[in-house]
Amino acid sequence: MSAADLSARLDGLGLSIVLRVDEIRAETLDQLSRAWADDPTAVTDALDRLAAVVQRTTDPDDDTGWHPAAVDAARDDLETVAGLDAAEVTLRHDTAVALADQLHTAAGATFTAHTRGAAA
């Protein structure tokens with residue numbers, strides 16, 4: 001993995017840090033594609049369950065509200081059906097140092113860091 005595949009930056013509001021790891025997304029899509037090739041019905045059914053839960057819980061007309069446990073359960077089901085690995089990457093030293101620098105810079109620029117500094 002190169003530093004180009006991994007980055008940390010502030011979100012648009014400056015409230016949190018966005019960590020981008022392209023390798024995890026690519027590996028997840030590869031695993032999902034392989035699982036679908038092996039058993040398209042099971043993977044499609046698991047994706048449909050996840051889509052239904054996400055749609056139901058984020059629909060503004062749904063008065064039952066947000067249900068993170070239901071989303072987590074549907075995501076866990078998909079991960080199990082598709083045999084998805086843990087979302088992990090291994091970093092070389094130079095990449096880890098570059099990421100640490102980006103994280104440190106972004107963390108110091110967040111709104112929370114500024115408000116804590118002002119309160120001190």
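**Reading contacts and surface patches**

Author: In this predicted model, where local features need pLDDT of at least 70, side-chain atom pairs count only at pLDDT 80 or more and totals for chains, interfaces and linings use all residues, the side chain of arginine 75 makes a polar contact with the side chain of aspartate 72 at 3.0 Å. Residues are numbered from 1 along each chain as its sequence is written, and side-chain values use heavy atoms, leaving out hydrogens and water.

Reader: What is a polar contact?

Author: A pair of N or O atoms within 3.5 Å; within protein, one must be able to donate a hydrogen and the other to accept it, and residues adjacent in sequence count only if both atoms are side-chain atoms.

Reader: Is arginine 75 buried or exposed?

Author: Arginine 75 is partly exposed, because its relative accessibility is 37%; buried means under 20%, exposed over 50%, partly exposed in between (1.4 Å probe, protein chains only).

Reader: Which residue is 8.4 Å from arginine 75, C-alpha to C-alpha?

Author: Alanine 46, which is 29 residues apart from arginine 75 in sequence.

Reader: Which residues form the nonpolar patch on the surface?

Author: Patches take residues with over 30% relative accessible area and no salt bridge (side-chain nitrogen of Lys or Arg within 4 Å of a carboxyl oxygen of Asp or Glu); nonpolar side chains (Val, Leu, Ile, Met, Phe, Trp, Tyr) are joined within 5 Å, like charges within 9 Å. Here Leu13, Leu15 and Phe111 share about 340 Å² of accessible area (Shrake-Rupley method, 1.4 Å probe). Leucine 15 is partly exposed at 45%.

Reader: Which residues gather in the patch of negative charge?

Author: Glu27, Asp30, Asp85 and Glu88. Glutamate 88 is exposed, at 60% relative accessible area.

Notes
Lys and Arg count as positive and Asp and Glu as negative; His and the chain ends are not counted. The place of a charge is taken as NZ of Lys, CZ of Arg, CG of Asp or CD of Glu.
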